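Q: Please take a close look at one buried position in a helix of this model, and then follow the side-chain pairings and strand pairings elsewhere in the chain. I would like a connected account that keeps each residue in its setting.

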Amino acid sequence: MKFFRFLAALLATSGLVWILSSPLAKGDTTVPPLGKLFNPFTGFWRNAEPVTGPVFNPNITLTGLKGKVELLYDDNMVPHIFAENPNDAAMVQGYLTAQHRLFQMDLTARKVSGRLSEVIGERTLPIDLKTRRRGLPWAAERDLEVWKQSPEDMALIEAYCAGANAWINNLQPADYPIEFKILGHTPEAWTPLKCVMIAEGMADILAVYDNDLEATNALQLLGEAFYQDIYPVWNPKQKPVIPEGFYPTNPTMVPQKTSPKAVPPVLGPATGGVVPTTDDVLTDPYILGSNNWAVAGSKTAAGTPLLANDPHLSLSLPSIWFQVQIHTPQYNTYGVSLSGIPGVVIGFNEHIAWGITNVGVDVTDWYKIKWTSPARTHYEYDGAAKAAETRVETVLVKGRKEPVLDTVRYTVWGPVVYDDPAEPLHDCALRWAAHDAGPGKPVTNFYQLNQAKNFAEYSTALTGFDCPAQNFVFADKYGDIAIRVQGNMPIRQGDEGRFVRDGSSSANQWIGFIPQPEIPKMHNPARGFVTSANQNSTAPSYPYHAKHGDWEQYRGRNAVEWLETMNGATLDSMKRMQNSNFSLRAYDAIRPMLQLLDRSNLSPDEQTYLKELEGWNCSYDKDKIAPTLFEIWFDSTYAATYDEVLNYQKQNIKVQLPPTWRFIELMTKDTNHYIFDVKSTPERETARQMVTLGFKKMSVQAAKETLANNLVYGNFHSLTINHLARIAPFSRSNIPVSGHRSALNAVLRDYGPSWRMLVDLGAEVKGYGVYPGGQSGNPGSRFYDNMVDTWVNGQYNELNFLKTPDQLPLEKTLAKQVFTAN
């Protein structure tokens with residue numbers, strides 16, 4: 001009997017071991033082997049770090065080093081690299097970035113290359129297929145060939161890859177980052193192509209403004225007169241990055257003035273799309289951008305320049321940025337890097353500081369292809385049949401025995417992204433500036449910028465930087481300030497690429513990019529400051545078409561007006577400005593709305609709400625209810641006014657939304673405009689009726705938000721910082737924050753200032769900064785999110801900008817390492 005009990009127990013235990021050691025299928029998701037994940041010796045327990053921080057090996061040998069490298073970690077786990085040459089610095093940077101951010105590097109490269117499904121499975125197959133059909137891997141491969149033309153670039157990249165691979169090759173499965181264990185995934189070698197993928201990924205985030213379908217449908221469905229009236233491209237209140245007086249007088253490439261007509265509307269819902277509700281589609285979308293400015297010594301208390309930058313991006317854990325200092329005989333620079341590429345992207349050195357914001361210029365166009373053969377092998381182009389090139393994409397999918405093969409057709413314009421007739425842009429080719437191979441090489445641009453000592457070297461470093469176009473702000477310790485709108489900005493014929501175009505004629509081709517000597521730029525203006533906040537790059541008088549794009553209408557004006565009146569600026573005044581919650585959008589709108597509101601027959605609750613709004617200073621502070629009331633009121637009024645547009649949205653037909661600045665302008669100057677009339681009623685409504693109707697709807701919604709304890713703005717507008725793979729326990733959610741997308745402190749749900757930096761360009765350059773995360777990519781580390789609360793509270797860390805390794809005080813030193821060659 002004991003034998004049979006033992007046998008039964010043995011069989012049960014063996015079965016349990018098999019279950020725990022085998023992956024489990026749940027729907028289209030494969031759950032990792034739980035036994036391996038919970039194994040105390042190799043599972044997630046191994047990823048927990050001591051409270052004091054990670055344990056570092058003090059002495060490391062790296063094959064390929066030419067000299068000794070000293071590395072110090074400060075008390076925020078920021079690495080300070082002291083190398084004898086730039087290539088050794090790049091190798092150690094690659095090593096330590098892989099050490100702390102390997103999963104981020106891997107996931108980002110996989111997303112851009114369309115390889116997520118290899119490790120995640122069926123859920124990401126549509127993402128991978130679209131990525132490949134949009135030509136991102138194709139573009140990266142072409143860019144790599146351009147990068148290879150620079151031996152200096154490739155030496156840095158290969159050194160970086162060698163360092164990353166030295167860390168990867170020494171990893172044991174027990175030491176893999178927790179995400180690799182969850183996915184049952186083994187780290188791969190890091191390659192130069194993956195470095196290019198990281199750069200291409202930024203273009204995929206920042207250079208993707210695409211409204212052609214929506215604009216084409218709006219033009220055709222609503223009529224040309226309506227479209228031209230309601231969708232103007234220039235806001236007369238706008239204050240551009242580069243004002244008049246700095247434009248070329250004799251442009252070398254002048255486009256024709258003829259305006260090609262839009263092709264017929266491309267109607268219909270996108271397959272797999274979500275039918276938008278009123279709350280989903282209202283008002284301005286969040287513009288991926290940033291703020292930056294530099295103030296000349298004539299406007300500062302110390303008489304020397306100050307520079308500020310805060311790029312606004314999707315917030316994640318770990319952060320998109322990784323702080324690092326790199327010290328070599330050639331340069332000494334501090335700032336933030338992108339995990340997967342050598343060098344510093346935003347930062348400062350002993351002579352200069354620089355920052356970036358996104359340029360909203362439209363660099364994507366869609367062209368309707370006319371196939372001349374049923375097999376879609378040839379298409380019409382200038383009256384002849386032109387052969388399409390093909391590229392077969394092979395997508396490996398976890399859980400499938402065979403790969404998915406997808407044939408993408410390429411035209412003179414670019415790839416045909418959608419083959420499915422149900423897609424609105426079916427048989428349209430994508431022309432995208434990010435597809436162009438070179439001439440820009442970001443590693444060269446930033447490497448030279450890291451070394452630059454003055455305005456001339458800053459200008460030289462940026463020449464040729466192509467995509468994504470950026471506003472590069474500059475200041476140096478010698479008193480210069482500058483800004484330049486740097487990147488490939490298309491020169492088009494006529495309509496500036498607002499609509500889907502006819503792909504059968506070369507007359508619709510771009511005729512080039514704005515020549516480098518004529519790009520918008522400004523150096524030491526008399527007003528004493530330069531700034532950008534994603535507003536229009538130039539005024540309409542600029543000789544090249546540059547009005548159409550994804551332009552922010554409020555933050556840029558706010559920054560210019562703030563800096564115009566600023567004198568005796570200090571770091572404290574820079575901090576107040578960066579963290580300002582004041583919104584010009586609210587300021588412009590609330591005055592006419594309060595004047596138009598019919599105040600008769602208001603309920604007691606409505607009178608209370610009105611009193612809150614009348615006393616509001618247009619600052620989106622987290623402890624106030626007025627910002628919540630205004631947001632609901634404004635959106636409700638907008639929805640009631642643009643009912644004819646939103647009706648198409650509710651049918652899941654993509655139609656461009658009218659800009660809010662034009663809506664505010666009409667409420668202010670033309671309250672009897674036809675747009676306020678509701679077509680379904682016999683009366684002729686005016687702005688007064690729409691504003692009052694919006695107020696009544698706000699009152700109803702406010703009562704619901706009160707019941708849910710969400711009326712206070714910090715709760716209504718709470719922030720979530722998601723883990724890169726959307727793993728909830730590794731995310732931070734429901735964080736009460738101040739700010740608004742139209743305020744300088746531009747925070748919205750899961751977007752916001754991803755790195756706040758201030759630099760004092762005095763005799764000794766000093767920097768201050770913070771981002772909402774931490775240096776470590778390990779959720780089990782105290783350095784994973786240790787700066788989130790500092791960031792939420794609008795505080796900064798003084799950045800330890802060292803000249804020698806022994807300059808860092810012992811109490812601020814987390815660890816020291818020495819790297820030597822084998």
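A: In this predicted model, H100 is a residue of helix 3, which covers residues 86–113. H100 counts as buried because its relative accessibility is 9%, under the 20% that marks the limit for that class. Once the neighbours within four places in sequence are left aside, the residues in contact with H100 are F56, Y73, M77, F322, Q775, S776 and G777.

A second helical position can be described in a similar way. D588 belongs to helix 17, made up of residues 584–596, and its relative accessibility of 7% means that D588, too, counts as buried. Apart from neighbours within four places in sequence, D588 is in contact with K237, Y554, R557, I664 and T668. With one of these, R557, the contact is also polar, side chain to side chain, at 2.9 Å. W661 stands 73 residues from D588 in sequence, while the C-alpha atoms of these two residues are 8.7 Å apart in space.

Charged side chains pair at many places, and the count of salt bridges comes to 36. One of them joins R132 to E393, with 3.1 Å between the closest N and O atoms. Since R132 is in helix 5 (residues 125–133) and E393 is in strand 16 (residues 389–395), this salt bridge ties together parts of the chain that lie 261 residues apart in sequence. Both partners, R132 and E393, are buried.

The salt bridge between K148 and E145 has an N to O distance of 3.5 Å. K148 counts as partly exposed because its relative accessible area is 45%, and E145 is likewise partly exposed, with a relative accessibility of 45%.

In another salt bridge, the side chains of R376 and D419 meet at 2.7 Å, N to O. This pair links distant parts of the chain, 43 residues apart, with R376 in the loop between strand 13 and strand 14 (378–381) and D419 in the loop between strand 17 (404–410) and strand 18. R376 has a relative accessibility of 16% and therefore counts as buried, whereas D419, with a relative accessible area of 24%, is partly exposed. Elsewhere, salt bridges with shared partners connect D106, R110, R115, E118, E188 and K194 in one network.

The loops that hold R376 and D419 adjoin strand 13 and strand 18 respectively, and these two strands also meet in a sheet. That sheet is open and consists of three strands in the order 18-13-21, with mixed pairing. Strand 18 (428–432) and strand 21 (501–502) are its edges, and because each has a single partner strand, one side of each is left without a neighbour in the sheet. Strand 13, residues 364–368, runs antiparallel to strand 18, and five bridges join the two. Within this pairing, K368 stands opposite C428 of strand 18.

Conventions:
Residues numbered from 1 in each chain as written. Predicted model: local features only at pLDDT ≥ 70, side-chain atom pairs only at ≥ 80, totals over all residues. Heavy atoms only, no water. Pairing = 2+ DSSP bridges. Helix = DSSP H or I, 4+ residues; strand = E, 2+ residues; numbered from the N terminus. Buried < 20%, exposed > 50% of the residue type's maximum accessible area, 1.4 Å probe, protein only. Contact = heavy atoms within 4.5 Å. Salt bridge = Lys/Arg side-chain N within 4 Å of Asp/Glu carboxyl O. Polar contact = N/O pair within 3.5 Å; in protein donor to acceptor, adjacent residues only side chain to side chain.
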